[in-house]
Amino acid sequence: MNPSSVPSAASEEQASLWAARLDGSDLSAADRADLERWLDADPAHRTLLASYCQFSADLEQQLPLIAGIRDELAEFRTTAKTIRPFPWLRWPILAGAMLTAAAVVVVILWPGQPQNLFQNIAAPVAQRQAVTLPDGSRVELNAGTAVSVELRADARRVRLTDGEAFFKVSRDAARPFIVETPAGSVRVTGTEFNVRSSALDPLEVTVLEGSVQVRAGSSPAPQMLHANDQLVAGPEGVSVTPLSSAQLGDALAWRRGEIVFTDTPLREALARFARYHGRTLTAADSVAQLRMGGRYSLDDLEGFLAALQDGILPVQVTRSPDGTVHVDAAPRS
């Protein structure tokens, strides 16, 4: 977690409480609504909750080893068990160390419901995650993205509130796979496609293979997309563009840890890196609409900022002690 985005004590405590309630118990409809409201209140809440849930799993695996109880460790590896949470607030130093090292993927099962499965999956900042669902579908999450998955006998539903995910859906004509976002939904039975949804950007759906049906916002009729099609739905309407193989590769470059800008406003480029790294990156109004291009490593924020200042654009990059970055016009010589 970046020093500039250290969670408050209240957020830490609330995350630990939700982790305890989620682990090994059913949530009522009211509880789920309360959880969703808390998660939506701050993007950092999803990553924080994911970290606490993963810490519980990691810690329980390590304690038998630390204590030298070899028989219990062997039993844990060979027998399915329910992971119980630990009293987080009593372990502040150990919890911090474990959270720093943990790979954050959360899978939460509802026991006693063999036909229904609910999962929360989250990727922390500056990391990508890939998970195979019980139905055989594969979900890849870009950094800072969280989804909730509900698999039922008649349908498979994924809720993506804010972020980007690639789906390779296992074919099942009897159970459509539906991705729901605030800006619209995507419905398929088996295909490969990418969805990017943000409160600040238009809904973007890109199809790699097969076909999908997209219902954007209040549009009365769904749009059918096929391989290499990209739909963008925003305040100005809905557009569908066929992409070349090169353009398709650029749109999905994040899966390889890259990002490609083509005539992209500086403010938008900074926002993409800011989301990935959980940092605050801003641009002065005088340079925010400057257009830029190029291929960059998502993991190399400093390299991207250095490239900006060293010739891509006439700008100056200023770094603050709290980790924020501001880009302004370069001083005239």
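**Figure 1. Asp172 and its salt-bridge partner Arg175 in the predicted model.** Asp172 has a relative accessible area of 24% and is therefore classed as partly exposed. Its partner in a salt bridge is Arg175, with an N to O distance of 3.1 Å between the side chains. Arg175 has a relative accessibility of 17% and counts as buried, because the cut-off for that class is under 20%. The view thus pairs a buried arginine with a partly exposed aspartate.

**Figure 2. The salt bridge between Asp285 and Arg267.** The closest N and O atoms of Asp285 and Arg267 are 2.9 Å apart. Asp285 belongs to the loop between β16 (281-283) and β17, whereas Arg267 is part of helix α7 (residues 266-277), so the contact ties together parts of the chain separated by 18 residues in sequence. Asp285 is exposed, at 68% relative accessibility, while Arg267 is partly exposed, at 38%. Elsewhere, Asp250, Arg256, Glu258 and Arg295 are joined into one network by salt bridges that share partners.

**Figure 3. Arg128 and Asp299, a salt bridge between distant parts of the chain.** In this pair the closest N and O atoms lie 3.9 Å apart. Arg128 is located in the loop between β1 and β2 (129-132), and Asp299 in the loop between β17 (291-297) and α8 (301-312); the two residues are 171 residues apart. Both side chains belong to partly exposed residues, with relative accessibilities of 31% for Arg128 and 43% for Asp299. The model holds 17 salt bridges in total. In general, side chains of opposite charge can pair when their charged atoms come close.

**Figure 4. The open sheet of seven strands.** The strands follow the order β1-β4-β5-β7-β8-β11-β12, and their pairing is mixed. At the edges stand β1 (117-122) and β12 (223-226); each has a single partner strand, so one side of each lacks a neighbour in the sheet. From one strand to the next, the twist averages 20°.

**Figure 5. Pairing of β7 with β8 within the sheet.** Strand β7 covers residues 177-181 and strand β8 covers residues 184-188. The two run antiparallel and are joined over five bridges. One residue pair to locate in this view is Ile178 and its bridge partner in β8, Arg187. Strands of a sheet pair through backbone hydrogen bonds, either parallel or antiparallel.

**Figure 6. The chain as a whole, and the residues that it buries.** The chain contains eight helices and 19 strands. Of its 333 residues, 43% count as buried. Among contacts with a separation of 6 or more, 48% involve residues 24 or more positions apart. The exposed area of the chain is about 16,800 Å², of which carbon and sulfur atoms supply 52%.

**Figure 7. Segments of low confidence.** Across the chain the pLDDT averages 79, and 73% of the residues score at least 70. Over residues 1-5 the pLDDT is below 50; this stretch has eleven contacts in the model beyond near neighbours in sequence. Residues 55-114 also have a pLDDT under 50 throughout, and the model has 78 contacts for them beyond four places in sequence. Where pLDDT is low, the predicted coordinates should not be read in detail.

Terms used:
Residues numbered from 1 in each chain as written. Predicted model: local features only at pLDDT ≥ 70, side-chain atom pairs only at ≥ 80, totals over all residues. Heavy atoms only, no water. Helix = DSSP H or I, 4+ residues; strand = E, 2+ residues; numbered from the N terminus. Buried < 20%, exposed > 50% of the residue type's maximum accessible area, 1.4 Å probe, protein only. Contact = heavy atoms within 4.5 Å. Areas by Shrake-Rupley, 256 points an atom, 1.4 Å probe, with all protein chains shown as cover. Pairing = 2+ DSSP bridges. Axes fitted to C-alpha atoms, helices over the stretch in contact; angles between N-to-C directions. Salt bridge = Lys/Arg side-chain N within 4 Å of Asp/Glu carboxyl O. pLDDT = per-residue confidence, 0-100.
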